[in-house]
Amino acid sequence: MKRDPVGLVWLAGLVLAVLLSVFGPGLLGMVFGIDLVGALDRAASRLEEALRTLGDPARAMIRGFAIAAYMVFIALCVLARRRRLPAMGIAIAVTLLFVFLAGAPGAWAGSLHGAHWLLALLLNLGAAAIMTRRLRR
């Protein structure tokens, strides 16, 4: 049976999402040192109010899946670079947006801003889907 590296990255991301949902993002340690979310607070306040009704377990799950989707995206970018496909620009852009949305990883363990994490999840899933399509061509 032929191994599919793209499928393996998605499978590893799913496992990572479950681990991060159960154990929290403190598992990853400190990676970034930037905490810029001020401008997005106003834009995401209504969504955050709706997500507040879900409770902490659901928000923790969203946070775990957002971090795992980012890791999947980065792994797919590495695969794309190995195949000499363009990936560096989108990797930098998505990383910056993810840090703006989620804050610094050092604050991930205590931060459950539902709207920011949901937007980060959507961003990372979209970027990973784009990179998957690029690799499947």
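**Exercise 1. Where is L19 found, and is L19 buried or exposed, or in between?**

Solution.
- Step 1: L19 lies in helix α1 of this predicted model.
- Step 2: The relative accessibility of L19 is 36%.
- Step 3: Buried would need under 20% and exposed over 50%, so L19 counts as partly exposed at 36%.
- Step 4: F65 is 46 residues away from L19 in sequence, and the two C-alpha atoms are 9.4 Å apart in space.

**Exercise 2. Find the residues that make the nonpolar surface patch, and state which helix supplies the largest share.**

Solution.
- Step 1: The patch is made by L8, L11, L14, V15, V18, L19, V22, M61 and F65. Its area is about 790 Å².
- Step 2: Two helices, α1 (5-23) and α3 (56-82), each give at least two residues to the patch.
- Step 3: Helix α1 gives the largest share, with seven residues.
- Step 4: Take L14 as one of the members. L14 sits in α1 and has a relative accessibility of 47%, so L14 counts as partly exposed.

**Exercise 3. Describe the secondary structure and the overall surface of the protein.**

Solution.
- Step 1: There are five helices and zero strands. Read from the N terminus, the order is α-α-α-α-α.
- Step 2: The protein has 137 residues, and 39% of them count as buried.
- Step 3: About 7900 Å² is exposed, with 67% of that supplied by carbon and sulfur atoms.
- Step 4: Among contacts with a separation of 6 or more, 83% are between residues 24 or more positions apart.

**Exercise 4. Compare the span of α3 with the expected value, then examine the residue R84.**

Solution.
- Step 1: Helix α3 has 27 residues. From its first C-alpha to its last it reaches 39 Å, close to the 39 Å expected at 1.5 Å a residue.
- Step 2: R84 comes just after α3, in the loop between α3 and α4.
- Step 3: Phi of R84 is positive, near 65 degrees, although R84 is not a glycine.
- Step 4: Most residues other than glycine have a negative phi.
- Step 5: With 77% relative accessibility, R84 counts as exposed.

**Exercise 5. Check the span of α4, and work out why its buried residues are on the same side of the helix.**

Solution.
- Step 1: Helix α4 covers residues 88-102, which is 15 residues. The expected span is 21 Å at 1.5 Å a residue, and the end C-alpha atoms are 21 Å apart, so the two agree.
- Step 2: The buried residues in α4 are A91, V94, T95, F98, V99, L101 and A102.
- Step 3: These residues lie on the same side of α4 because they cover an arc of only 160 degrees around the axis.
- Step 4: After α4 comes G103, with a positive phi near 85 degrees.

**Exercise 6. How many salt bridges does the structure hold, and which residues form the bridge of D4?**

Solution.
- Step 1: The structure holds one salt bridge.
- Step 2: D4 pairs with R136, and the closest N and O atoms are 3.0 Å apart. A salt bridge requires these atoms to be within 4 Å.
- Step 3: The pair joins distant parts of the chain, 132 residues apart. D4 belongs to the segment before α1, while R136 belongs to helix α5 (residues 114-136).
- Step 4: D4 has a relative accessibility of 31%, so D4 counts as partly exposed.

Definitions and conventions: Residues numbered from 1 in each chain as written. Predicted model: local features only at pLDDT ≥ 70, side-chain atom pairs only at ≥ 80, totals over all residues. Heavy atoms only, no water. Patch = residues over 30% accessible without salt bridge, like charges linked within 9 Å, V, L, I, M, F, W, Y side chains within 5 Å. Areas by Shrake-Rupley, 256 points an atom, 1.4 Å probe, with all protein chains shown as cover. Salt bridge = Lys/Arg side-chain N within 4 Å of Asp/Glu carboxyl O. Helix = DSSP H or I, 4+ residues; strand = E, 2+ residues; numbered from the N terminus. Buried < 20%, exposed > 50% of the residue type's maximum accessible area, 1.4 Å probe, protein only. Expected span 1.5 Å × (residues − 1). Contact = heavy atoms within 4.5 Å. Arc of directions from axis to C-beta.
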